Amino acid sequence: HPCILECFPSPTSDLLKENKSLEVTASSRHYVDRLFDLDPQKVLQGVIDMKNAVIGNNKQKANLIVLGAVPRLLYLLQQESSSTELRTECAVVLGSLAMGTENNVKSLLDCHIIPALLQGLLSPDLKFIEACLRCLRTIFISPVTPEDLLYTGPDHQTILFNHGAVQNIAHLLVSTSYKVRMQALKCFSVLAFENPQVSMTLVNVSVDGELLPQIFVKMLQRDKPIEMQLTSAKCLTSMCRAGAIRTDDSCIVLKTLPCLVRMCSKERLLEERVEGAETLAYLIETDVELQRIASITDHLIVMLADYFKYPSSVSAITDIKRLDHDLKHAHELRQAAFKLYASLGANDEDIRKKIIETENMMDRIVNGLSESSIKVRLAAVRCLHSLSRSVQQLRTSFQDHAVWKPLMKVLQNAPNEILIVASSTLCNLLLEFSPSKEPILESGAIELLCSLTQSENLALRVNGIWALMNMAFQAEQKIKSDILRGLSTEQLFQLLSDSDVNVLMKTLGLLRNLLSTRPHIDHIMSTHGKQIMQAVTLILEGEHNIEVKEQTLCILANIADGTTAKELIMTNDDILQKIKYYMSHSNAKLQLAAMFCISNLIWNGEEGSQERQDKLRDMGIVDILHKLSQSSDPNLCDKAKTALQQYLA
């Protein structure tokens with residue numbers, strides 16, 4: 001039936017290019033021709049012969065794919081008229097073809113093999129199901145297969161959960177077959193990952209009278225195979241991170257954490273060391289106490305330094321296979337070490353100090369920032385971000401190694417996931433006490449950060465405006481003017497109307513820092529006063545939380561401290577009425593912030609103070625001050641009394 005071939009895509013051009021030099025032999029054609037025989041028994045024998053011909057023979061596999069064997073095999077596999085034996089043999093041959101080159105897998109995917117194999121799983125025949133599963137597994141472990149072709153993500157975990165996956169798999173954990181136990185364990189480690197619903201259920205599931213966490217703990221004991229120890233630790237880690245097991249539970253502190261630290265030792269295989277470090281990094285990422293325990297377990301911080309010593313020097317190795325193995329895993333080891341260092345140093349100053357004092361640590365991080373592997377770069381930036389939370393290290397190690405230079409280079413051109421962590425790190429390097437602040441400014445950071453505030457990515461917008469806020473703190477007037485110029489009034493308004501409260505709060509924080517010290521306040525308000533007052537009015541009138549309105553009133557208080565800027569408030573009756581309203585608000589924070597505005601406006605000895613006092617008295621401000629001077633809140637009471645003294649002086 002030659003017309004059947006027209007229903008399928010032709011083999012990929014890559015495969016044809018790769019095999020253009022191959023001699024398509026007559027025997028190869030013969031194998032394909034036999035698939036079209038009218039006698040079903042001859043077709044079956046032809047498939048069996050094809051199976052024997054392609055085992056371990058990549059040249060033959062490529063020949064058969066070029067000749068169109070795949071569409072015909074898939075056709076036979078899906079036909080209800082085909083015998084179960086024929087369908088099974090077709091699945092076996094397809095699985096064998098998938099074990100060839102990556103181009104083979106691409107060709108199979110182009111012929112829509114996945115839906116056909118998944119449909120095969122509905123068969124009542126176990127041998128056919130097994131052949132389909134083996135083929136699917138081979139295809140999905142190939143790097144060229146897109147993950148979204150099969151269930152991935154929390155929605156799909158939930159689908160499996162709702163269809164009884166937990167209950168149906170649990171009893172397999174006590175199977176007499178080690179392979180079955182391991183596959184069940186691996187399934188649970190995937191199901192529970194970042195899934196509170198599954199994790200909370202697992203805690204209460206019992207098998208033969210024993211709860212799953214107890215079974216997992218038994219499986220991570222030292223006498224069990226390493227693969228089992230690691231996978232059990234991953235299950236318990238996921239359950240802990242999902243909140244199903246407390247971080248101070250003995251199964252975490254005394255069993256899971258020590259097991260994962262053991263996996264990081266030199267005695268373990270490189271793959272095990274990578275998996276152990278990454279799982280441990282995830283386990284301790286958000287818990288200070290676990291970070292402290294891990295940091296003093298088996299000299300972990302020093303142990304991790306060994307992760308950077310691969311590949312070993314070529315001259316010291318006579319075994320070429322070993323060298324290839326080292327080269328393959330070198331970047332994975334560095335990525336895992338950076339991740340674990342980042343988690344260890346997330347909160348504790350002493351741990352950060354120990355990490356930085358580890359041999360050549362800062363040089364390793366700096367080198368990591370320019371590695372070819374995106375994963376290593378991201379992990380290195382995460383590590384740097386974690387260490388940048390230390391005031392002491394910002395002033396010493398970060399300055400000594402001029403860390404800002406490679407960091408700025410990373411920020412010039414990187415994927416969003418790296419940009420987010422790198423810009424978070426930059427926020428810390430721009431703090432007022434950081435020696436890196438000045439050189440970063442000189443390297444064109446304002447333009448870069450202003451562009452980040454326009455990003456569609458929320459985290460980048462927050463980081464961009466946050467860094468600008470830090471930059472503006474106690475800065476020179478020129479820097480403040482450059483920031484305002486770089487942002488533009490239009491962009492400032494855009495940020496002040498952002499739907500995310502973090503963006504809004506950081507933008508208000510930036511404005512507050514820009515409007516500090518009188519000469520700066522007067523200068524900025526003389527050029528941007530109208531727009532800023534308009535923005536302040538909009539926020540005070542809008543539906544915002546207490547923190548947002550408090551920050552906005554603090555900006556007004558700063559404006560009220562200016563020499564000429566004061567008049568922008570005094571000539572704006574709408575704003576004055578709003579200040580009066582917030583003086584009588586039910587929230588003490590807003591009352592106090594409004595009072596700062598009034599105090600700055602009525603302060604004696606400043607030009608025009610008498611006229612301002614008179615106008616505010618006529619508005620009823622003095623009456624409110626008298627009431628507040630009787631307040632039970634000591635801060636409000638003191639501030640009101642101080643303000644009233646200005647009227648008496």
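**Exercise 1. A positive phi**

In which loop is histidine 112 found? Work out its backbone angle and its exposure too.

*Solution.* Keep in mind that we're working on a predicted model.

- Step 1: place the residue. Histidine 112 sits in the loop between helix H7 (102–110) and helix H8 (113–120).
- Step 2: check the backbone. Its phi is positive, about 60 degrees, although histidine 112 is not a glycine.
- Step 3: recall the background. Most residues other than glycine have a negative phi.
- Step 4: check the surface. Histidine 112 has 52% relative accessibility, so it counts as exposed, the cut-off being over 50%.

**Exercise 2. Another loop, another positive phi**

Find where aspartate 298 lies, then classify its accessibility.

*Solution.*

- Step 1: look at the loop between helix H18 (288–295) and helix H19 (300–305); aspartate 298 is there.
- Step 2: read off phi. For aspartate 298 the value is near 50 degrees, which is positive in a residue other than glycine.
- Step 3: classify. With 45% relative accessibility, aspartate 298 goes down as partly exposed.

**Exercise 3. Sorting the sides of two helices**

Which residues of helix H39 (residues 621–628) are buried, and what covers them? Then do the sorting for helix H21 (residues 349–357).

*Solution.*

- Step 1: list the buried set of H39. You should get Ile621, Val622, Ile624, Leu625 and Leu628.
- Step 2: look around the axis. These residues span an arc of only 160 degrees, so they are on the same side of H39.
- Step 3: flip the helix over. Asp623 and Lys627 are exposed on the other side of H39.
- Step 4: find the cover. It includes helices H36 (573–583), H37 (588–602), H38 (609–618) and H40 (634–648).
- Step 5: move to H21. Here the buried residues are Ile351, Arg352, Ile355 and Ile356.
- Step 6: take the arc again. The buried residues of H21 fall within 135 degrees when seen down the axis, so they line one face of the helix.
- Step 7: check the opposite side of H21, where Asp350 and Glu357 are exposed.
- Step 8: don't skip the helix start. There, a side-chain oxygen of aspartate 348 comes to within 2.9 Å of the backbone nitrogen of aspartate 350.

**Exercise 4. Rings, and a charge over a ring**

How many aromatic pairs does a search of the whole structure find? Describe the one formed by phenylalanine 193 and tyrosine 282.

*Solution.*

- Step 1: count. The search turns up four aromatic pairs.
- Step 2: get the geometry. The ring centres of phenylalanine 193 and tyrosine 282 are 5.3 Å apart and the planes are at 45 degrees, so this pair is tilted.
- Step 3: trace the chain. Phenylalanine 193 is in the loop between helix H12 (178–192) and helix H13 (196–204), tyrosine 282 is in helix H17, and the two are 89 residues apart, so to speak a link between distant parts of the chain.
- Step 4: compare exposure. Phenylalanine 193 is partly exposed at 38% relative accessible area, whereas tyrosine 282 is buried at 16%.
- Step 5: add the charge. Lysine 506 lies over the face of tryptophan 466, at 4.3 Å from the ring centre.

**Exercise 5. Buried residues and their contacts**

Is leucine 220 buried or exposed, and what does it touch? Repeat for serine 424.

*Solution.*

- Step 1: place leucine 220 in the loop between helix H14 (212–219) and helix H15 (226–241).
- Step 2: read its relative accessible area. At 3%, leucine 220 is buried.
- Step 3: list contacts, leaving out residues up to four places away in sequence. Leucine 220 touches Gln229, Ser232, Ala233, Leu236, Lys255, Thr256, Cys259 and Arg262.
- Step 4: turn to serine 424, in helix H27 (residues 416–429). Serine 424 is buried, with 16% relative accessible area.
- Step 5: skip neighbours within four places in sequence again, and serine 424 is in contact with His385 and Asn463.

**Exercise 6. Distances along and across**

How far apart in space are leucine 270 and alanine 535?

*Solution.*

- Step 1: leucine 270 is in helix H17 (residues 270–284), and at 7% relative accessibility it counts as buried.
- Step 2: leucine 270 and alanine 535 are 265 residues apart in sequence, and their C-alpha atoms are 57 Å apart.

Terms used
Residues are numbered from 1 along each chain as its sequence is written. This is a predicted model: local features need pLDDT of at least 70, side-chain atom pairs count only at pLDDT 80 or more; totals for chains, interfaces and linings use all residues. Side-chain values use heavy atoms; hydrogens and water are left out. Helices (H or I, at least four residues) and strands (E, at least two) are DSSP runs, numbered from the N terminus. Buried means under 20% relative accessible area, exposed over 50%, partly exposed in between (1.4 Å probe, protein chains only). The arc is that of the directions from the helix axis to the C-beta atoms. Contact means heavy atoms within 4.5 Å. Rings of Phe, Tyr and Trp (its six-membered ring) pair if their centres lie within 6.5 Å; planes under 30 degrees apart count as stacked, over 60 as edge-to-face and the rest as tilted. A charge sits over a ring if NZ of Lys or CZ of Arg is within 6 Å of the ring centre and within 35 degrees of the ring normal. A polar contact is a pair of N or O atoms within 3.5 Å; within protein, one must be able to donate a hydrogen and the other to accept it, and residues adjacent in sequence count only if both atoms are side-chain atoms.
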